[in-house]
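Got the viewer open? Let's take a walk through this one, one selection at a time.

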Amino acid sequence: MTMTDNFAIELTDIDKRFGAVHANNKVCLQVKRGNIHGIVGENGAGKSTLMSILYGFYQADAGQIDVLGQAYTFTDSHQAIAAGIGMVHQHFMLVENFTVLENVILGSEGGALLAHGLAAARKELTRLGDEYGLKVDLDATIDTLSVGLQQRVEILKALYKGAKILILDEPTGVLTPQETDELFRIFGALKQQGVTIMLITHKLREIMSITDQVSVMRAGQMVAHRDTQATSREELAELMVGRKVLLQVNKKPGNGRAPLLKVKRLSVSDNQGIERLKDVSFELRAGEVLGVAGVSGNGQTELLEALSGIVPMTSGTIEVLGFKMDAKHPLTPDRLRELGLAHVPEDRHRMGLITDFSASESALLGYHTDPKINSGIWLSNRKVEANCQALMQSFDVRPADPHLKSANFSGGNQQKLILAREMERNPEVLLIGQPTRGVDIGAIEFIHQRIIDMRDAGKAVLLVSVELDEIMSVSDRIIVLCDGEISGRIDAADADERTLGMMMANALDPIDPLQTMDDQHASSGQASSQETQA
Amino acid sequence: MKRDTRITWINRLLLPLLNILTAFAVTAIVFWLIDVNPIEAAEVLLYGAFGYEEGIGYTIYYTTNFIFTGLAVAVAFHAGLFNIGGEGQAYVGGLGAGLAILFLDPTLGAWVFIPASIIGALLFGGLWALIPAYLQAYRGSHIVITTIMFNFLAASLMVYVMVHVLRETGQMTPQSELFPTNAWMPFVHDVAAGFGYSIEASPLNLSVLLALVCAVLVWFFLWQTRWGYAIRATGKNGTAAVYGGIKPKRIIIVVMCISGALAGLVSVNELVGYQHRLIMDFHLGYGFGGIAVALMGRNHPLGIIVAALLFGTLYQGGAELAFEMSGISRDIVVVMQGLVILFCGALEYMYRPWLIRNLAPVKQQEAPTGVTA
């Protein structure tokens, strides 16, 4: 066996430009056979480009790709698949109303009639399932499967197509901690069978716990390769950002005062009549950050949108700064904004800004009727730009150009612009959803500090996030949503990953929905001993 | 020149120009295929549109109609609404203008009649769009479907009104009696004569000024007011607009009324300005033409004026062409328009990648714009 045969993947001097952007600059990477290799880097560091080149989506401008000791030039992903590479995308590529079996053979049906292909696939999948411990009901339709199982189907799909090398892009973003553990167990089984795994993630803890080697990318370049055992989270973070990073948020204990937001038995149904939020009650007090944890899609979006007046509630009451609203008497988003409630939406492209608008116009969203910017019927573009300039300055948005189209800012800078817009008006209550999704580490630190600053200034902050680290380090108290219901309440000081994970999966006993945190400064241990109320 | 500036110029000037030239080139091939000398045809067309004073008058007169309907389509489009009902709104707008004039005392002065007819046209055109707008906003009926249907409704309504209600007594033709001369929008040649200039008579009347004023107002409204901001926000990203406290239902209603009112003004040019009575089918083609004009003009008033002039030229020059040259029927004008729409609308960006590659290539060392971490 020669040297190169030891590597599942060997990339040499990969170079790729998109217009003026140098996405990959002479990138070299060696992935040992049968290893789990992590790739970390900030957004825009070039990880996804590199993987897309490896998978045949893009062609490199220069450089060489060797897979399992053989040189390739991929011009599409079929060739990459044929060479033994499989990819599991962050967003699953599954047909919801097909069965697992049908999804797996999609693209390799084996002839015009399905029967033969299906039978062969069933046999092969059963074998793969046994070999790698990937058990899935082959006849279940995708929409009945949990996210974790859907991901398993994606992995099966890749293995079925003969993948010897699996690339996973942010695989744990949608999983509960327990599902993540299960995924890592599968990784272990795959590794034992000689499959090579490349894991792209920004969660340093996962890198530390599962990988054998880790490579760090920054600004299109590979800046370091490390054996995982010989490095630390702090070192990796520093390598990613290029400077020292505080991983822990600096904060004094909060002191919750008068409740500014009271939610009682709030229920919300979507437009198909499916109840997305059931009987949710809590209070949010001045001077505290209340974290809302949960696996994405368990009612967090509906909670934020109901509280900000965007979606109608079906029952219950919300009291914002002394003003009541219920299903019959809703308050509109503009009215709530006037009252002093600001909202940083979870999805900045869908809701937070208008990507086609210039930054200055996006910085006006929600405040375009402000008399300070209007003189009579005339909306003063000069004042709009001055307003944007001020916001950009205070939140260090780069480039500080109000004329630039909103879409042309990086994710972190878009987010900072939205945060600036909502926070600089000095609202009493701030609703904030996924503040650091798709934001690079340097900006995360900054955003967390701003949230804490608001809290210390006596404002009330509701923080919705799927990042448990974020929830635990920024919040004072935590509620957990599962399937639209509050499945747990806990003080941040008492919270740990395991307990929150149990709550997110609703594995603890349900608790009284009307009971607010006040009565329950108890820890997670006591939560499980609560009386069940039907 | 910086690369961004070059791209802007490619988008705004070079691209439309090339598209039109392509359309004309293909038209030339069509002419050649039917044994018409394309160069001769082009000469006749251009002479017809711009060669003599009356021709120019007709060209601008048609242009005026296209400005109104182009603006109408553009305003709706900025709110993300596709108003295909320009035809019907223009037609019913005519009823408004006509009723305003016919029901006023004929001895009143022009300073009453002209504003009254304009208001009548605005009101009726706007109201005709209000119903589809309401159905879209509160009942979810798609605006494209309803406005198309309202074109047919408008046609039937107008036939009924013209035949049974407004027909001039003792006449078989379904048209109203002549408007009193006080109510006529002054012809440009009359106004010019008043200033001592003599130009050939043509249907061109002062409505063209109204069209230009409307273009300025639309620009101001859309880009310089908070309502325009709300409209554009709704059109670009409805979810974000709701988040921003904008009420989309209200936007739909307001925008469609403005759109319909603008389309209604076609009747001021046609009826108050030239025909001087309510006639059948004065509106035909302008509502749909307005869609192409708005498309070509990138939904910007300035672009719409230019595109409307192009369509006015094709209208007038094409009519002249059909009249002057044997072997060319009026339908060939429709073919030309179709080709212009095809190349300027559907194939709008055909040349863009090629132009950018050749005229605004990426410099290797240039720092990325707006992509800093």
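**Stop one: a helix pair in chain B**

Helix 14 of chain B and helix 15 of chain B lie roughly antiparallel to each other. Select residues 301–324 of chain B for helix 14 and residues 331–346 for helix 15: the two pack at an angle of about 160°, and their axes are 9 Å apart. Keep in mind as you go that this is a predicted model. Look at the handedness too, since helix 14 of chain B makes a right-handed crossing with helix 15 of chain B.

Now show side chains. On the helix 14 side, pick B:Leu310, B:Phe311, B:Leu314, B:Tyr315, B:Gly318 and B:Ala319; what they meet in helix 15 of chain B is B:Val333, B:Met336, B:Gln337, B:Val340 and B:Ile341. Colour this contact between helix 14 and helix 15 of chain B by class and you get nine nonpolar residues, two polar and no charged.

**Stop two: a ring pair**

Aromatic pairs number 17 over all chains. For one of them, select B:Phe66 and B:Tyr315: the arrangement is edge-to-face, with 5.2 Å centre to centre and 85° between the planes. Zoom out and you'll see that this pair ties together distant parts of the chain, with B:Phe66 sitting in helix 3 (residues 53–78) of chain B and B:Tyr315 in helix 14 of chain B, 249 residues apart.

**Stop three: another helix pair in chain B**

Next, pick residues 86–102 (helix 4) and 143–165 (helix 6) of chain B, whose axes come within 7 Å and cross at roughly 30°. That angle makes helix 4 of chain B roughly parallel to helix 6 of chain B. Here the crossing of helix 4 and helix 6 of chain B is left-handed.

Which residues of helix 4 of chain B meet helix 6 of chain B? Try B:Gly86, B:Glu87, B:Gly88, B:Gln89, B:Tyr91, B:Val92 and B:Leu95. Among their partners in helix 6 of chain B are B:Phe150, B:Ala154, B:Met158 and B:Met162. By class, this contact of helix 4 with helix 6 of chain B has ten nonpolar, five polar and one charged residues.

**Stop four: over to a sheet in chain A**

Hop to chain A and find the open sheet of four strands, ordered 2-1-4-5 with antiparallel pairing. Strand 2 (21–32) and strand 5 (70–72) of chain A are at the edges with a single partner strand each, so one side of each has no neighbour in the sheet. From one strand to the next, the twist averages 25°.

Inside the sheet, select residues 7–18 (strand 1) and 62–67 (strand 4) of chain A: they run antiparallel and are joined by five bridges. Put A:Thr12 in the middle of your view and you'll find A:Gln64 of strand 4 of chain A opposite. Then add residues 47–54, helix 1 of chain A, which packs on the sheet and touches strand 1, strand 2 and strand 4 of chain A. The direction of helix 1 makes about 115° with that of strand 1 of chain A.

**Stop five: a hairpin and a loop**

Still in chain A, strand 11 (residues 259–269) and strand 12 (residues 275–285) run antiparallel, joined by seven bridges. A:Ser269 stands opposite A:Glu275 of strand 12 of chain A. This hairpin has five residues between the strands, and one to click on is A:Gly273, with a positive phi near 85°.

Finish in the loop between helix 13 (381–394) and helix 14 (411–423) of chain A, where you'll find A:Pro399. A cis peptide bond joins A:Arg398 to A:Pro399, with omega about -5°. A:Asp396 lies in that loop of chain A as well, and has a positive phi of about 55° although it is not a glycine.

Technical notes
Residues are numbered from 1 along each chain as its sequence is written. Chains are lettered from A and ligands numbered from 1 in the order in which they are written. This is a predicted model: local features need pLDDT of at least 70, side-chain atom pairs count only at pLDDT 80 or more; totals for chains, interfaces and linings use all residues. Side-chain values use heavy atoms; hydrogens and water are left out. Axes are lines fitted to C-alpha atoms, for helices over the stretch in contact, and angles run from 0 to 180 degrees between N-to-C directions. Angles under 35 degrees count as roughly parallel, over 145 as roughly antiparallel, 65 to 115 as roughly perpendicular and the rest as oblique. A crossing is left-handed if the near helix is turned anticlockwise from the far one by less than a right angle, and right-handed if clockwise. Contact means heavy atoms within 4.5 Å. Ala, Val, Leu, Ile, Met, Phe, Trp, Tyr, Cys and Pro count as nonpolar, Asp, Glu, Lys and Arg as charged, and the others, Gly among them, as polar. Two strands pair if DSSP finds at least two bridges between them. Rings of Phe, Tyr and Trp (its six-membered ring) pair if their centres lie within 6.5 Å; planes under 30 degrees apart count as stacked, over 60 as edge-to-face and the rest as tilted.
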